[in-house]
Amino acid sequence: FTMVARFLFSVLPIAVLIFMITNRWKPIPSATALPVSALLLYVIKLVYFGEDPNLVHASIVSGLMLAFTPITIVGGAFLLFRTMKISGALQVLKQCLNSISTNRIAQVMIVGWAFSFLLEGTAGAGTPAAIAAPILLTLGIPAESVATMCLIFNSAPVSFGAVGTPLWFGYADLKVGEEGLQAIGMKTALLHSCAALVIPFFALRQIIPVQEITANF
């Protein structure tokens, strides 16, 4: 019984978070749900599990410091987007795209594929879809289709997002070493290269008929 109770209390914050965000009646924004879930976890650790408060507080500080790296990367990407929007650079970019080509597939591949890869490599964490989508909206593409297409496009380069953060940051605790990371990176790049041969077709299919896609290949 004790083990079951410990398990239930352990998963309770996650279950509460999922319920608050996904319930049908009144979904709670993640900006509210996440702190509530974190506070619940904090109380459970201190009250039920009886953890040392100093250890709990040290874990919180450690977690904040670890989160600071991806937060600054993503923050820089959104700062870039806001700067482009306020300065009018988005409209300039639209004009440049139209001057390069009026072909929809060419425009979508430049922004949704090539530009998104650049953003993924520098920022990651979903910023390519968040920044490329508004640019594609200015080209007159429906919002739902743009969102779906950008997310499909962004499935190719994710392992190397934010200057390879999923690799060097994600595998840091495994102590695989530099050679191990290089081997993992090479195999991952091979898998992504194979996937990249088919992903554009499925992404473009969200807004463009199959006949038009095949005619442009």
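Which exposed residues does the face of α7 turned away from its buried side carry? In this predicted model, that face of helix α7 carries Glu144 and Leu151. The helix itself spans residues 143-153, and its buried residues are Ser145, Val146, Met149, Cys150 and Phe153. When α7 is viewed down its axis, these buried residues fall within an arc of 125°, and they therefore line one face of the helix. The partners of this buried set are found in three other helices, since the buried residues of α7 pack against α5, α6 and α10, the last of these comprising residues 199-204.

Two of these partners, α5 and α6, also pack against each other. Two packed helices are described by the angle between their axes and by the distance between those axes. For helix α5 (residues 104-122) and helix α6 (residues 127-137), the angle is about 150° and the axes lie 9 Å apart. Because angles over 145 degrees count as roughly antiparallel, α5 is described as roughly antiparallel to α6. The crossing in which α5 passes α6 is right-handed. On the α5 side, the contact is made by Gln107, Val108, Val111, Gly112, Phe115, Ser116, Leu119 and Glu120, which meet Thr127, Pro128, Ile131, Ala132, Ile135 and Leu136 on the α6 side. Sorted by character, the residues of this contact comprise nine that are nonpolar, four that are polar and one that is charged.

Within this contact, Ile135 may be considered individually. This residue of helix α6 has a relative accessibility of 1% and therefore counts as buried. When residues up to four places away in sequence are not counted, Ile135 touches Met84, Leu90, Leu93, Leu97, Val111 and Phe115; of these, Val111 and Phe115 are also listed among the α5 residues that meet α6. Gly177, by contrast, stands 42 residues from Ile135 along the chain, and the C-alpha atoms of the two residues are separated by 40 Å.

A further buried position is provided by Ser37, which is located in helix α2, the helix formed by residues 30-47. The relative accessibility of Ser37 is 9%, and because the term buried applies under 20%, this serine counts as buried. If its neighbours within four places in sequence are left aside, Ser37 is in contact with Pro13, Ile14, Leu17 and Met20.

Terms used:
Residues are numbered from 1 along each chain as its sequence is written. This is a predicted model: local features need pLDDT of at least 70, side-chain atom pairs count only at pLDDT 80 or more; totals for chains, interfaces and linings use all residues. Side-chain values use heavy atoms; hydrogens and water are left out. Axes are lines fitted to C-alpha atoms, for helices over the stretch in contact, and angles run from 0 to 180 degrees between N-to-C directions. Helices (H or I, at least four residues) and strands (E, at least two) are DSSP runs, numbered from the N terminus. Angles under 35 degrees count as roughly parallel, over 145 as roughly antiparallel, 65 to 115 as roughly perpendicular and the rest as oblique. A crossing is left-handed if the near helix is turned anticlockwise from the far one by less than a right angle, and right-handed if clockwise. Contact means heavy atoms within 4.5 Å. Ala, Val, Leu, Ile, Met, Phe, Trp, Tyr, Cys and Pro count as nonpolar, Asp, Glu, Lys and Arg as charged, and the others, Gly among them, as polar. Buried means under 20% relative accessible area, exposed over 50%, partly exposed in between (1.4 Å probe, protein chains only). The arc is that of the directions from the helix axis to the C-beta atoms.
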